[in-house]
Amino acid sequence: MKKEFRKKVISERKKQNPDIINSNSELIFQNLLKLDEIKKAKTIMAYLDFNNEVKTDTIINYLLSKKQKVVVPISIVDERKLLLSELKDIENEVCVGTYGIREPKSEFIRQVDAKDIDIVIVPAVAYDTNGYRLGYGGGYYDRFLESLRDDCITIGIAFEIQIFDEVPKEDHDAQLDYIITEKRIIKI
């Protein structure tokens with residue numbers, strides 16, 4: 001059931017017009033800035049978008065301009081876990097890595113401990129209005145979210161077409177604190 005659901009949502013997301021993706025990503029960024037938590041956070045983890053996900057470069061560049069520490073994930077395939085690295089310059093420090101996802105070049109890996117992160121902007125295929133996510137199936141984020149501090153805020157960003165009343169979930173799936181789309185901010 002998860003597999004078919006995931007496939008269907010990814011297919012819908014891929015059909016989106018690039019201009020719509022860009023304009024909706026900008027609206028999501030504007031909604032994200034409405035959260036006081038974003039302004040107060042010292043260290044924020046964000047993903048580097050790929051495959052028609054919500055664009056994150058604007059978010060990352062904004063955070064860097066505000067002198068906030070930005071952390072991005074690197075997939076460690078053999079261990080099925082995320083390595084966290086500080087990113088200081090998205091234009092010059094990034095290359096295409098595992099799964100075709102952008103990540104820091106090896107010479108720019110600056111490892112960060114999960115306990116140092118104040119906010120995580122979480123990617124997913126789909127979310128539900130109760131704060132649960134359906135990921136890509138590797139379990140990377142499920143395991144990672146368990147390692148965060150209790151007061152770390154988790155935020156899913158997605159296009160409205162990725163939001164459902166319910167997504168397939170399991171007992172170990174983490175519930176996020178916010179879901180932000182181009183149309184709304186859902187506080188869980």
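I began by fixing the terms for exposure: I call a residue buried under 20% relative accessible area, exposed over 50%, and partly exposed in between. By that rule arginine 149, at 25% relative accessibility, counts as partly exposed. I keep in mind throughout that this is a predicted model.

**Entry 1: arginine 149 and its partner**

I looked up what the side chain of arginine 149 meets, and found a salt bridge with aspartate 118, at 3.0 Å from N to O. Arginine 149 sits in the loop between α5 and β9, while aspartate 118 sits in the loop between β5 and β6, so the salt bridge ties together parts that are 31 residues apart in sequence.

**Entry 2: other salt bridges**

How many salt bridges are there by this rule? I noted a count of twelve, and I followed two more of the pairs in detail.

Arginine 102 forms a salt bridge with aspartate 57, and the closest N and O atoms of the two are 2.7 Å apart. This pair links distant parts of the chain, since arginine 102 belongs to strand β5 (residues 102-104) and aspartate 57 to helix α4, 45 residues apart. I read aspartate 57 as partly exposed, because its relative accessible area is 25%. Both residues also belong to a network of salt bridges that links Asp49, Lys55, Asp57 and Arg102.

The pair of aspartate 36 and lysine 39 is a local one by contrast: both residues lie in helix α3, three residues apart, about one turn of the helix. Their side chains meet in a salt bridge at 3.7 Å, N to O. An α-helix has 3.6 residues a turn, so residues three or four places apart point the same way. I also checked the accessibility of the two partners: aspartate 36 is partly exposed at 44%, whereas lysine 39, at 51%, is exposed.

**Entry 3: helix α2**

I compared the length of helix α2 (residues 18-32) with expectation: at 1.5 Å a residue its 15 residues should span 21 Å, and the end C-alpha atoms are indeed 21 Å apart, which agrees. At the start of α2, I found a side-chain oxygen of asparagine 17 within 2.6 Å of the backbone nitrogen of aspartate 19.

Which residues of α2 are buried? I listed Ile21, Asn24, Ser25, Ile28, Phe29, Asn31 and Leu32. They cover an arc of only 160° around the axis, which puts them on the same side of α2. I then asked what covers these buried residues, and the elements include the helices α3 (36-40) and α4 (57-65), together with the strands β6 (119-122), β9 (153-157), β11 (178-180) and β12 (185-187).

**Entry 4: the three-stranded sheet**

I traced an open sheet of three strands, in the order β8-β7-β10 and with mixed pairing. The edges are held by β8 (133-134) and β10 (163-164), each of which has a single partner strand, so one side of each is left without a neighbour in the sheet. Strand β7 (residues 126-128) pairs with β8 in the antiparallel sense over two bridges, and I noted that alanine 126 has leucine 134 of β8 as its bridge partner.

**Entry 5: aspartate 142**

Is aspartate 142 buried or exposed? I found aspartate 142 in helix α5 (residues 140-146), and with a relative accessible area of 17% this residue is buried, because the cut-off is under 20%. Leaving out residues up to four places away in sequence, I recorded that aspartate 142 touches Arg133, His172 and Asp173.

Key: Residues numbered from 1 in each chain as written. Predicted model: local features only at pLDDT ≥ 70, side-chain atom pairs only at ≥ 80, totals over all residues. Heavy atoms only, no water. Helix = DSSP H or I, 4+ residues; strand = E, 2+ residues; numbered from the N terminus. Expected span 1.5 Å × (residues − 1). Buried < 20%, exposed > 50% of the residue type's maximum accessible area, 1.4 Å probe, protein only. Arc of directions from axis to C-beta. Contact = heavy atoms within 4.5 Å. Polar contact = N/O pair within 3.5 Å; in protein donor to acceptor, adjacent residues only side chain to side chain. Pairing = 2+ DSSP bridges. Salt bridge = Lys/Arg side-chain N within 4 Å of Asp/Glu carboxyl O.
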